[in-house]
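Here's a quick tour of a protein chain for anyone who'd rather look at the fold than scroll through coordinates. Have the sequence and the structure open side by side as you read.

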Amino acid sequence: ESKRLCCPVDYKECDYLNGEISSSKMQSILNDLKSGSLEVHYQPILEAQNLEIKSVEALIRLPNGNGGYYSPSIFIPIIEMQNKVSLLTTAVINRVAKDIQKITKFTSIENVHINLSSKDLLNVKLLELIEWHAHNTPEFKTMISFEITESTAFEMNSTSNNAIIRLTQLGYQISLDDFGTGYSSLSLLRELPIMQVKLDRI
C-alpha cells in the first residue's frame, strides 16, 4: 500500500526561533499530551491494487493556536527527549478507541493503523492497555493494525518479539511500514508475524 495525505496540513512554526522551542511551550506540549487534548487525525491509506481507501492511519497533531499545526518534526523529538513516547502512543490508542464505533458506523473504513515504537513494545503498562481494549472495546482488535517501521523491527529483541507475538494472539494485525527504505530484508517477513507491508511510494 502507498500512503498519501488527502489534503495539506498547515504547519506554522512562528513560535519557534532557529528551530528551537521555548521551555514554556515544551511544558505546554507535555501537559496537552497528559490531558489528552492533542488531536488525532486519520490519514487515508490507498490500496496499491485498486487505489481504494479502506484503511486510515491515526496520527497525532498539535494545534498551535493560530489556525495551524506544529510540525511533528518539532514536537515529536521533544517527546522523545522527555522519554514520553509511550504516553503519546497511549493518547492515540485511547482516542481511536473512543472513535472506533463512529468510524465503523459512518464510514467504509475497515482498518485503523496505529504506530508502535521500539520503546512501546517494551512498555508493560502500554501493552496491558492494548490487551484491555482487546477484551473490553467492541471492534477494536478486529479493526486495529499496529505498525512498526523496518528500522524498529531491526532494533527488536526477544522481549519486543514476544510482545509482537502476544498482540497477534490477541487478534491484532501487524503492519511493516517504510519497508525497503533503509534496512531492506525479506528475512523480516519470515521472522515476524507481518500481515501487511506498506510502502511510501510504488
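## The overall picture

Helices (H or I, at least four residues) and strands (E, at least two) are taken as DSSP runs and numbered from the N terminus. Counted that way, the protein chain has 8 helices and 8 strands. Keep in mind that this is a predicted model.

The chain runs to 202 residues, and 44% of them count as buried. If you take contacts between residues at least 6 apart in sequence, 71% join residues at least 24 apart.

## The nonpolar core

Which residues have the most contacts inside the largest nonpolar core? That core has 42 residues, and the ones to look for are Val96, Val112, Ile114, Ile144, Phe146, Ile148 and Tyr172. Helix α3 (residues 85-106) gives the most to this core, chipping in 7 residues.

Val112 is a good place to start clicking. Leaving out residues up to four places away in sequence, Val112 touches Tyr42, Val56, Ala58, Val96, Ile100, Ile103, Met143, Ile144 and Ser145.

Ile100, one of those partners of Val112, is found in helix α3. Buried means under 20% relative accessible area, so Ile100, at 1% relative accessibility, makes the cut. With the same sequence neighbours left out, Ile100 touches Val112, Thr137, Pro138, Glu139, Phe140, Met143 and Ile144. Take Phe140: it sits 40 residues from Ile100 in sequence, yet their C-alpha atoms are 6.7 Å apart.

## Strand β6 and its partners

Now find strand β6 (residues 144-149). Because 5 of its 6 residues are buried, β6 is largely enclosed by the rest of the structure.

β6 pairs with β5 through 4 bridges, and the two run parallel; here His113 has Ser145 in β6 as its bridge partner. β6 is also joined to strand β7 (residues 173-177), by 5 bridges and again in parallel. In that pairing, Phe146 is matched with Ile174 in β7.

## A buried aspartate

Asp120 lies in the loop between β5 (111-115) and α4 (124-136). What is the nearest side chain of opposite charge to Asp120? That's Lys119, but it is 9.2 Å away, and Asp120 is buried with no salt bridge.

Asp120 does have a polar contact, though: its side chain makes one with the side chain of Thr89, at 2.7 Å. Setting aside residues up to four places away in sequence, Asp120 touches Val85, Ser86, Thr89, Asn115, Leu126 and Leu127.

Note on methods:
Residues numbered from 1 in each chain as written. Predicted model: local features only at pLDDT ≥ 70, side-chain atom pairs only at ≥ 80, totals over all residues. Heavy atoms only, no water. Core = buried A, V, L, I, M, F, W, Y, C linked by side-chain atoms within 4.5 Å. Buried < 20%, exposed > 50% of the residue type's maximum accessible area, 1.4 Å probe, protein only. Contact = heavy atoms within 4.5 Å. Lys, Arg positive; Asp, Glu negative; His and termini not counted. Salt bridge = Lys/Arg side-chain N within 4 Å of Asp/Glu carboxyl O. Polar contact = N/O pair within 3.5 Å; in protein donor to acceptor, adjacent residues only side chain to side chain. Pairing = 2+ DSSP bridges.
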